[in-house]
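Student: I've just opened this one and don't know my way around yet. Could you walk me through it?

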Amino acid sequence: MGLELPWGARTSRPAKRVAQLVLAWSLDEPERLGECFPIEGPTSLGRGTPLSDDPAPRGTFLRSRPGQSTVCAPIANSRISRIHLVMQPEGDDIRLRSLGRAPVRINGVEVTEGVAREGDVVELHNAAVFYVCRRPKELPATSAGELGTFAFGEPDPFGLVGESEAAWALRDAYAFAGSTDRHVLLLGESGVGKELAARSIHGLSACRKVALVSRNASTMPETLLDAELFGNAKNYPNAGMPERAGLVGEADGSSLFLDEIGDLPEKSQVHLLRVLDCDGEYQRLGESKPRRSSLKLIAATNRSPETLKHDFLARFVHRIEIPGLGQRREDIPLVAAQILRNIAAKNGPIAARFFERRNNRVAEARLAPDLVARLLRHAFTHHVRELERLLWLAIGSATGDFIGLTPQVEAELRDSAESTSEVAEVDRETLARALADNDRSPTRTAKALGLKNRYVLIRLLKKHGLSAAGTDDKDEG
Amino acid sequence: MTTDARLLRDTLELAMARDDFAKGFYARLFAARPDLRPMFKSNSEGAQQKMFAQKLCAIVDNIDDPERLHDEAARIAKTHNGYGVTAEMYAWVGTALIDSLRDAAGAAWSDDAERAWQDAYATLARAIVSEPG
């Protein structure tokens, strides 16, 4: 028997990706959102248990989480026929044929037979809406799996909602960043949930029992930045000034979350270097003796990391790119459901008008399937914040007792070009060349390729198995 | 699958193809027995209609599986007997159900379908009433 070396395991291949339908809306079973229906061979989908005359083996819905896949009960949705769809993989896509009574639409176009691709939306009219994606049948076990005690589809203990591969990768990145003593840089567009990320990382860190200190760097007046960060001695700079610990002092033994760090002037970035480098050493204004603060800095920016001073940027061992809703579209219905639950909890009249009631309790929202189908394809720019605004707009412009696709909402929605075409248009060779020509900088490469932003590029890189500088965060640790 | 089971499933599929089937059933039931309406107050109309349609499908889907059908009857007894549902009320519900199915099936309805539904409903109602609840 040969000696087995630990790094031998690195030869193992990544999990095979399988085309799946993810349940995004269900008339009768709203509690099943996020369940996946993998299609590995000829598969039929229908209500109830398998029938003797099923045209293909009956598929099953799974609740897939890292290291575990739970088989779910058969569909009990009354609007879905006993045999509704027969499907089979066709390359990366799914060929489907409709046998059910409710008409089938792919991206809004009615079909009796058709091909659904990753990013497409398949609707069974007034019965169910599915999002098509490709992901491993079972997500690999990660340290974030320990978080998995919360109910499927519900927010995790820190408030992140999502059961997608991207959501779980994010939880894993948070768990890893939280488990170390190193500083973290959060990157992502406005509205992706950077504050929630900071709370997650702090909540998963050794200092979670001490309150997180949080501040938006862009709100600090430039002339008072050092005093805000490092505090001041009593009577400094003027008599009568109270002693202040400053953010760095307040965060001793905890984490300091500085949002919009890209707005911090270079001078202040330099001042922070010492704290990040020398065991948290800093000086209060008006004091000569250095102090120490044992803090973990969690910084966030929606700008390119390259806009930060390079030596300041280098101190962030963990850089976590937070995906926007466009990169985890299958989570959109779950996030929407949570936003609506929050709205109902605080707005009684809205709950009474737009929500079902079961056993005298507020239950699911009456959400129209065409709205969900359009949200799944919308090109979000402000992500969760934008989704919340669109839902409020739908509520505010509703004329009936359901939340639907009103003309006002329709005017705000635009189908995502990135969901299929942009991803398909740039081939691997062009991508690799553009990366090399631009020193692997995601921002510059995205610009050179004429992509909307670097997040579209990251999606493309993932599709082609490539990476740019700073997009493979965990490996840097 | 027996002929009756096929008839039940085919006519149910026709009923479920209509968005307003469950709504129509309750409208018919409350028109005939307005005194039943307060018994459904704890759920919104939409939720009640979804639950009804789902339960009806579950019963018909398992119509030729006595064990599962018995389980369904036991579940219904457990939830309904607590609300003060009496044996007499099951007869009213049966009438509203079969009238609604007949309407929904239209020309596809037959004497055989009528008999199959009458028999199936009577069997189910007996099973529910005989459950301890």
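**Where the chains meet**

Tutor: Sure, and keep in mind that this is a predicted model. To start, 20 residues of chain A are in contact with 21 residues of chain B.

Student: Which three residues of chain A supply more of the area it buries against chain B than any other three?

Tutor: Start with the whole interface: about 1,800 Å² is buried between chain A and chain B, and carbon and sulfur atoms give 38% of that. On chain A's side, one trio supplies 27% of the area that chain A buries against chain B. Those three are Arg82(A), Arg101(A) and Arg357(A).

Student: How many salt bridges are there between chain A and chain B?

Tutor: Here's the general idea: side chains of opposite charge can pair when their charged atoms come close. Take Arg47(A) and Glu13(B), whose closest N and O atoms are 3.5 Å apart; the cut-off for a salt bridge is 4 Å, so this pair counts. Between chain A and chain B, the count is six.

Student: Which strand of chain A gives the most to the side that touches chain B?

Tutor: Let's look at polar contacts too: the interface has 18 residue pairs of that kind, both partners at pLDDT 80 or more. The strand you're after covers residues 355-358 and gives three residues to chain A's side. That's strand E20.

Student: And how do the residues on that side of chain A divide by class?

Tutor: Sort the residues of chain A that touch chain B into three groups. You get two nonpolar, seven polar and eleven charged.

**Inside each chain**

Student: How are H1(B) and H6(B) oriented to each other?

Tutor: Helix H1 (residues 3-16) and helix H6 (residues 111-130) of chain B have axes 9 Å apart and pack at an angle of about 100°. Among the residues that meet are Leu7(B) and Leu8(B) from H1(B), and Ala116(B) and Trp117(B) from H6(B). Angles of 65 to 115 degrees get one label, so these two helices are roughly perpendicular.

Student: How many residues apart are Glu154(A) and Arg341(A)?

Tutor: These two form a salt bridge, with closest N and O atoms 4.0 Å apart. Glu154(A) is in the loop between strand E12 and helix H1 of chain A, while Arg341(A) is in helix H7 of chain A. The pair links distant parts of the chain, with a separation of 187 residues.

Student: Which peptide bond is cis, with omega near 0°?

Tutor: Most peptide bonds are trans. For the cis one, look at the loop between helix H3 and helix H4 of chain A, where Pro237(A) is found. Asn235(A) is in that loop as well, with a positive phi of about 65°. The cis bond runs from Tyr236(A) to Pro237(A).

Notes
Residues numbered from 1 in each chain as written. Chains lettered and ligands numbered in written order. Predicted model: local features only at pLDDT ≥ 70, side-chain atom pairs only at ≥ 80, totals over all residues. Heavy atoms only, no water. Contact = heavy atoms within 4.5 Å. Buried area = accessible area lost by both parts, 1.4 Å probe. Salt bridge = Lys/Arg side-chain N within 4 Å of Asp/Glu carboxyl O. Polar contact = N/O pair within 3.5 Å; in protein donor to acceptor, adjacent residues only side chain to side chain. Helix = DSSP H or I, 4+ residues; strand = E, 2+ residues; numbered from the N terminus. Nonpolar A, V, L, I, M, F, W, Y, C, P; charged D, E, K, R; others polar. Axes fitted to C-alpha atoms, helices over the stretch in contact; angles between N-to-C directions. Parallel < 35°, antiparallel > 145°, perpendicular 65-115°, else oblique.
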